[in-house]
Amino acid sequence: MADLSKEQLLKMYKKMVLIRKFEDRIGEIYGKGAIPGEMHLSTGQEAVNVGVCIQLRPTDTVAATHRAHGALIAKGVNLNKMTAELFGREAGLCKGKGGHMHLFDPSIKFSCSGIVGASMPLAAGAALAAKRKGTDDVAVAFFGDGAANQGTFHESMNLAALWKLPEIFICEDNQFGISVRKEASTSVISNADRAASYGIPGVQVDGNDVIAVYEAVKAAIERARGGGGPTLIECKTYRIKGHFEGDPEVYKTKEEQEEWLKKDPIKRFTDMLLSRGDITQGELNDLDRDVKNEIEEAIKFAEESPWPKAEEALEDVFVNGGVD
Ligand SMILES: Cc1ncc(C[n+]2csc(CCOP(=O)(O)OP(=O)(O)O)c2C)c(N)n1
């Protein structure tokens, strides 16, 4: 933690709270039927998203998953535009045509997808582009423990290792793929061990400890920017909510949920900040209030934006309007 200033720590705190409160509000509004489509929230995984993205440049690429709000907020999205996209409105990142699982922001090189396992080869492509252009940008792929059993995981790691691509593989092990526990889907105890198959470093970190994530990722970024190639980082965390909003979660036990709530990443980080002696509860309360205002402003912005026009439905599907 040596190189993190008070300002940086407060920035991390604010982002984590912004993600948590945003997801809470979106869950509420979704429950009232005001947001179209499915909804996968990232509640509980804030330390992973912030520990990774807080140290990326706008020119570094992030390819994320169907559970991408946290990563996008951490990467620095304009919250108004992101919220409008979730609401399916014209002012959204993709003019309201993508929705919650298809959030693209070229200004900060962010993409996500509902296709499980898609992030890894996409990030490999961005990493290859950075390498060929001679920049020292990196590309990060977020993916779940379920996606780690997809072929794309192995193919991307193989190529990234072989070509020494500046790609960082971030496995968000939130314990479940829909309702299937990780133990029921792979015989490998730690996904970090799989890095050995491709001769690259594999690191396991406490994904509910934002500083632990930050430090592991910092080392991986330095390695990648310096031409050392990819790293796999497995972040052990917990999906506090269901797979999707409306999931009855009958596959979780009360005891396990209580145990994980004790390890809540925001509570732990708050305790750590307050124990330093130079950060007060009052300062954190001020940030909490700012966050609340930002979220309400974004929701208002989204609600006031018009729906996309029906006659524009087929625009933006192909580059330059597509083929004849
Ligand atoms: C290629 C593909 N296969 C299956 C699905 C259906 N599906 C959606 S989410 C999901 C589970 C993903 O689990 P994980 O990768 O652990 O991510 P998490 O939901 O835990 O964040 C599956 C199987 C899909 N969307 N895409």
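**Burial of Cys235, packing around helix H1 and the ligand shell**

In the predicted model, Cys235 is buried, with 30 other C-beta atoms within 10 Å. This cysteine belongs to strand S8, which runs over residues 231-236. Leaving aside residues up to four places away in sequence, the contacts of Cys235 are with Val48, Ile170, Cys171, Glu172, Asp173, Val205, Gly207 and Val213. Thr253, although separated from Cys235 by 18 residues in sequence, lies 21 Å from Cys235 in space, taken from C-alpha to C-alpha.

Helix H1, formed by residues 6-31, approaches helix H10, formed by residues 281-304, with the two axes coming within 9 Å and crossing at roughly 45 degrees. At this angle H1 and H10 are therefore oblique to each other, and the handedness of their crossing is right-handed. On the H1 side the contact is made by Leu10, Tyr13, Lys14, Val17, Leu18, Lys21, Phe22 and Arg25, and on the H10 side by Glu283, Leu284, Leu287, Asp288, Val291, Lys292, Glu294, Ile295 and Ile299. Sorted by class, the contact of H1 with H10 comprises ten nonpolar and seven charged residues, with no polar residues. An α-helix has 3.6 residues a turn, so residues three or four places apart point the same way.

A second partner of H1 is helix H2, made of residues 46-53, whose axis comes within 9 Å of that of H1 and crosses it at roughly 135 degrees. H1 and H2 are therefore oblique to each other, and H1 passes H2 in a right-handed crossing. The residues that make this contact are Met12, Lys15, Met16, Ile19 and Arg20 from H1, together with Glu46, Ala47, Asn49 and Val50 from H2. By class, the contact of H1 with H2 holds five nonpolar residues, one polar residue and three charged residues.

Helix H9, spanning residues 265-275, also packs against H1, and here the axes come within 10 Å and cross at roughly 155 degrees. H1 and H9 are therefore roughly antiparallel to each other, and their crossing is left-handed. Leu9, Tyr13, Met16, Val17 and Arg20 of H1 meet Pro265, Ile266, Phe269 and Leu273 of H9. The contact of H1 with H9 consists of eight nonpolar residues and one charged residue, and no polar residue takes part. Tyr13 and Val17 are among the H1 residues that contact H10 and are also among those that meet H9, while Met16 and Arg20 appear in the contact with H2 as well as in that with H9.

Helix H4 has seven of its eight residues buried, so this helix is largely enclosed by the rest of the structure. The buried residues of H4 are Leu79, Lys81, Met82, Thr83, Ala84, Glu85 and Leu86, and the elements that cover them include H1, helix H3 (69-75) and H10. Just after H4, Gly88 takes a positive phi of about 75 degrees.

The loop between helix H4 (79-86) and strand S2 (110-112) contains Lys95, and Lys109 lies in the loop between H4 and S2 as well. For Lys95, phi is near 55 degrees, a positive value in a residue other than glycine, and for Lys109, likewise a residue other than glycine, phi is positive at a value near 50 degrees. As to their surroundings, Lys95 is partly exposed, with 18 other C-beta atoms within 10 Å, whereas Lys109 is buried, with 21 other C-beta atoms within 10 Å. The assignment of Lys109 as buried follows because 20 or more other C-beta atoms within 10 Å are required for burial.

Around the ligand there are 18 residues, of which Val116, Gly144, Gly146, Ala147 and Gly177 come nearest. Strand S3 (139-144) and strand S5 (176-177) are the elements that give two or more residues to this shell. In terms of residue class, the shell around the ligand divides into six nonpolar, nine polar and three charged residues.

Terms used. Residues are numbered from 1 along each chain as its sequence is written. This is a predicted model: local features need pLDDT of at least 70, side-chain atom pairs count only at pLDDT 80 or more; totals for chains, interfaces and linings use all residues. Axes are lines fitted to C-alpha atoms, for helices over the stretch in contact, and angles run from 0 to 180 degrees between N-to-C directions. Helices (H or I, at least four residues) and strands (E, at least two) are DSSP runs, numbered from the N terminus. Angles under 35 degrees count as roughly parallel, over 145 as roughly antiparallel, 65 to 115 as roughly perpendicular and the rest as oblique. A crossing is left-handed if the near helix is turned anticlockwise from the far one by less than a right angle, and right-handed if clockwise. Two residues are in contact if their C-beta atoms, placed from the backbone, lie within 7 Å. Ala, Val, Leu, Ile, Met, Phe, Trp, Tyr, Cys and Pro count as nonpolar, Asp, Glu, Lys and Arg as charged, and the others, Gly among them, as polar. A residue is near a molecule or strand if its C-beta atom, placed from the backbone, lies within 6 Å of it. A residue is buried if 20 or more other C-beta atoms lie within 10 Å of its own, exposed if 12 or fewer, and partly exposed in between; C-beta atoms are placed from the backbone.
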